[in-house]
Amino acid sequence: SMGKTTRRLNVTSPVPADIDIANSVEPRHIVEIAEDLNLNPKHYDLYGKYKAKVLLSALDELQDVDDGYYVVVGGITPTPLGEGKSTTTVGLCQALGAFLDHKVVTCLRQPSQGPTFGIKGGAAGGGYSQVIPMDEFNLHLTGDIHAITAANNLLAAAIDTRMFHESTQSDKALLHRLCPPDRAGNRAFTDIMSRRLRKLGIPTKTSPQELTPEEAKKFARLDIDPASITWRRVMDVNDRFLRKITIGQGPEEKGMIRETGFDISVASEIMAVLALTTSLADMRERLGKMVIGNSKSGDPITADDLGVGGALAVLMKDAINPTLMQTLEGTPVLVHAGPFANIAHGNSSIVADKIALKLVGPEGFVVTEAGFGADIGTEKFMNIKCRYSGLTPQCAVIVATVRALKMHGGGPEVVAGKPLDRAYVSENVSLVEAGCTNLARHITNTKAYGVNVVVAVNRFSSDSEAELNAVKSAALSAGAFDAVICSHHALGGKGAVELGVSVQRACKDIKQPLKFLYPLDISIKQKIEAIAKSYGASGVEYSEQAEKQIEMYSKQGFSHLPICMAKTQYSFSHVPSEKGAPTGFVLPIRDVRGSIGAGFIYPLVGTMSTMPGLPTRPCFYDIDLDTATGRVIGLS
């Protein structure tokens, strides 16, 4: 059990600012957190006093231990203010670890630094349910996002430079430069070159001299079609002016001008690879298989074709190890990977979950969070993440708030940064009941995977008993295993004890295998249609561009991959203003793209921004350093 070293919080009311609470608690040394988990010191590296990287070698030592219970936290379709999924995930774990004496690990995504200085602020939970130290969690952490940025941009540089060199050299010159002679005058292929030869079906040749002129051309000339390049540069800053840029304007680049753009680092496919990989060897393969575009004859060009897959793996070798942190109440947290929740799958890493399940052991709990509403986050957790990990969750939590349900029942628009309309702070039971159609559909969809569903109602001070009871009874009649009112934001783990007890019961009660929404061996369109049906759509319509891409990916042999829908999180449908549980709409697919290394095809429903901007008054106005103590102030 963990009770011996967790701590009790002194909560005050009203709840102070998140950073003030975070700063009021002296974190335990991370070695103590590791000791609570019986983590062998040779399986982690310290990064200062409050962070450690847990090494994958921990898995080898623990392979014979049975896994703990596996719990995923999703939510109803949110308001723009968010309904407290992270806070509930942390509060539930504080309850399980500090109050109910279970071994527990929270597995969370690492937030992008972009929003920390932009609109949203940090993502460490809130109130008395947070991960600390909060400034380290929201800033550089252990450098994983910087590693992704470096790897992503090395690949981008390799693409444009290769096209440049191919444009000025003959096949023979290219081959000579790619395979320079050693001191004895012999030319040889490197390991990564042999991968390309195998892919091209060129019989095993040991040296470049043995290639026919036709083979030499095929091997040496990638012949990338600039119009087909999907790989963009990234940086972890909300910089809207980089969304569309022109590169190659220097005089030495000989007029090789091309339009491209930057995404935010967490939108890089390398982040999705990190989140879905299962081992170092697997990560190396996935990085090499990433497709950056096509050759002019329509063949996919990969990072390994460019000779850079191994270097990418080297840049990512430490990033594959999850970072150990702690909650306000001293329970362990693994922070690892934070892929976009629309163009990618919005879940923290598989390796963190695998390590955590072994560390807590049988009867212990691992709680992870799935980004956006359950129609997106939980769906991708089940159909993409669990498919690659082979892990089976027993319980899914769905976080709901009275204010979001009122919005779904027809309440006025909720706008971030504007005061809430009166409807949201005064009692209106019928509005809440009307909005429970949204909750009910999330419950039905999630139960279909074969897990027990527990609804966590995140309580606000303006919620009335009658409103809270309406949510509970709607949840139970929709098939939830239980529905619990929680006050962990105001009370910490103590406010989620009842939720902890329900989750424990829900886990013990389940004994069935995971049921996926669709099999992998049907067509891309059939998979898209299965997911659209879960949204309430009556059908799907494809643009000409989408049809073209589906045909191309099928022809290239990628139709066996799972589907990752890029859709608004503010509605089951593609129209953000359609609240509740819309039905009978036709889902439009604008375009279809692939993250082939990460291992999914992503259809775009509408336009997705992969590079946020800054508002007129960004969060950075509040952020500063107390130069006397060195402490960060104003992070939210």
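This briefing covers the second largest pocket and the interface of domain 1 and domain 3. The model is predicted. The domain assignment splits the protein into domain 1 (18-142 + 318-509), domain 2 (145-316) and domain 3 (524-604). Domain 2 and domain 3 both give residues to the lining of the second largest pocket, so this pocket lies between them.

**The second largest pocket**

- Its volume is about 1100 Å³.
- The lining of this pocket counts 45 residues.
- Nearest the pocket centre lie Ile-229, Thr-230, Arg-232, Arg-593 and Tyr-602.
- By class, the lining holds 18 nonpolar, 15 polar and 12 charged residues.

**Elements in the pocket lining**

- Helix H22 (544-555) is among the elements that each supply at least two lining residues; H22 gives the most, with six residues.
- Helix H11 (269-276) also supplies at least two.
- Strands that each supply at least two include E9 (258-260), E10 (262-264) and E11 (291-294).
- Strands E21 (591-595) and E22 (600-604) do so as well.

**Domain 1 against domain 3**

- The C-alpha centres of domain 1 and domain 3 are 27 Å apart.
- Contact involves 23 residues of domain 1 and 26 residues of domain 3.
- The size of an interface is often given as the accessible area lost when the parts come together.
- Here, domain 1 and domain 3 bury about 2000 Å² between them, with 61% of it on carbon and sulfur atoms.

**Salt bridges**

- One salt bridge is found across the interface of domain 1 and domain 3.
- Asp-375 pairs with Lys-567 in a salt bridge. Their closest N and O atoms are 2.8 Å apart.

Definitions and conventions. Residues are numbered from 1 along each chain as its sequence is written. This is a predicted model: local features need pLDDT of at least 70, side-chain atom pairs count only at pLDDT 80 or more; totals for chains, interfaces and linings use all residues. Side-chain values use heavy atoms; hydrogens and water are left out. On a 1 Å grid over the protein atoms alone, a cavity is a set of points where a 1.4 Å probe fits but cannot get out, and a pocket is an open set with protein on both sides within 12 Å along at least five of seven lines; lining residues have an atom within 4 Å of a point. Grid points are joined across faces, edges and corners, and a volume is the space filled by probe spheres set on the points. Helices (H or I, at least four residues) and strands (E, at least two) are DSSP runs, numbered from the N terminus. Ala, Val, Leu, Ile, Met, Phe, Trp, Tyr, Cys and Pro count as nonpolar, Asp, Glu, Lys and Arg as charged, and the others, Gly among them, as polar. Domain bounds come from an automatic or database domain assignment. Contact means heavy atoms within 4.5 Å. Buried area is the accessible area (1.4 Å probe) that two parts lose on being put together, summed over both. A salt bridge is a side-chain nitrogen of Lys or Arg within 4 Å of a carboxyl oxygen of Asp or Glu.
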